[in-house]
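Colleague: Could you take me through the unusual backbone geometry in this model?

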Amino acid sequence: MVDTRVNLSGIILDNPVIPASGTFGFGYEFADIYDINCLGTFSFKGTTKDARFGNPTPRIAECEAGMINAVGLQNPGVEKVISEELPKLKACFKKLVMANISGFSVEDYAYTVEKLDGEEQIGWFEVNVSCPNVHGGGMSFGTSPEAAAEVTRAVRKVTKKPLYIKLSPNVTDITEIAKACEAAGADGISMINTLLGMRIDLKTKKPVIANKMGGFSGPAIKPVALRMVYQVYDAVKIPIIGMGGIATAEDVIEMMLAGATAVEVGAENLINPFACKDIIDDLPRVMQKYKINSLSEIIGGAH
């Protein structure tokens, strides 16, 4: 009998499989097609202080081995998430959930986390620092160790819950960003967010996406994600949630060997809504195939 459980900052997950933010809504949409309580947990839709309509359409472009999206953090805002979305989630999901937070200023991040901190069902915060800093020239918070650390410190002051900082891969050295977040009080690192990509329509000779560029995700980015998780595992002492191109139980094992304690599944949910359930169901078989008795014992095993 294999053991799929992992310990994510003091909270035991039945398995390490977590649907990634933005690909699983607020959970109840998927609860209509299967029992989502089979999940380790999930990261709900990126939430901001105020409601956001998002970017103009088209927002999605298919690629040979993935997809590009520029949704623009469309969400109802933190007040409605608390009053409308979380009660609907609680009716169908009995485990602790991960709250994904975005913002355009340090104050935005702190405000939204503080608002959600009192919600009992939230077990962890996943803070997305890939947003443009409106007071810092528009560059992403996650491209500067100092800016990422500033967000981490501000959020750390308003919650005692485990705090994971979601890092952008669009940097020269991701280990420097991770170390800055760890020093500023992060409990863990969540990585990687999407790479920056684009497609051009040959008929119109213009970018496919209205925003011109967007986040590139899917199987094509897995080698980059693995490399970055491997590097950050050596650079910090806090746990990592690994993501980027995860589509199978084998991918989960590979990411954990690179150094991830838990693994998020993103683009694959948009191709196959049963993706996470299928991966969880297949994990015991793959563990037995590779003579793995306990997933918690293989974290960082490739080092």
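Modeller: This is a predicted model, in which local features need pLDDT of at least 70, side-chain atom pairs count only at pLDDT 80 or more, and totals for chains, interfaces and linings use all residues. Residues are numbered from 1 along each chain as its sequence is written, and side-chain values use heavy atoms, with hydrogens and water left out.

Colleague: Which residue follows Met191 across a cis peptide bond?

Modeller: Most peptide bonds are trans. The bond in question has omega near 5 degrees and is cis. Its second residue lies in the loop between strand 9 (188–191) and strand 10 (195–197), where helices (H or I, at least four residues) and strands (E, at least two) are DSSP runs numbered from the N terminus. The residue joined to Met191 in this way is Ile192.

Colleague: What is omega for the cis bond that joins Thr57 and Pro58?

Modeller: Pro58 sits in the loop between helix 1 (28–31) and strand 4 (60–63). The peptide bond joining Thr57 to Pro58 is cis, and its omega is about 0 degrees.

Colleague: Is Lys291 buried or exposed?

Modeller: Lys291, in the segment after helix 9 (275–289), has a positive phi near 55 degrees. Buried means under 20% relative accessible area, exposed over 50%, and partly exposed in between, with a 1.4 Å probe and protein chains only. Because its relative accessibility is 74%, Lys291 counts as exposed.

Colleague: What is the phi of Leu73?

Modeller: Leu73 lies in the loop between strand 5 (66–69) and helix 2 (78–90), and is partly exposed at 23% relative accessible area. Although Leu73 is not a glycine, its phi is positive, at about 60 degrees.
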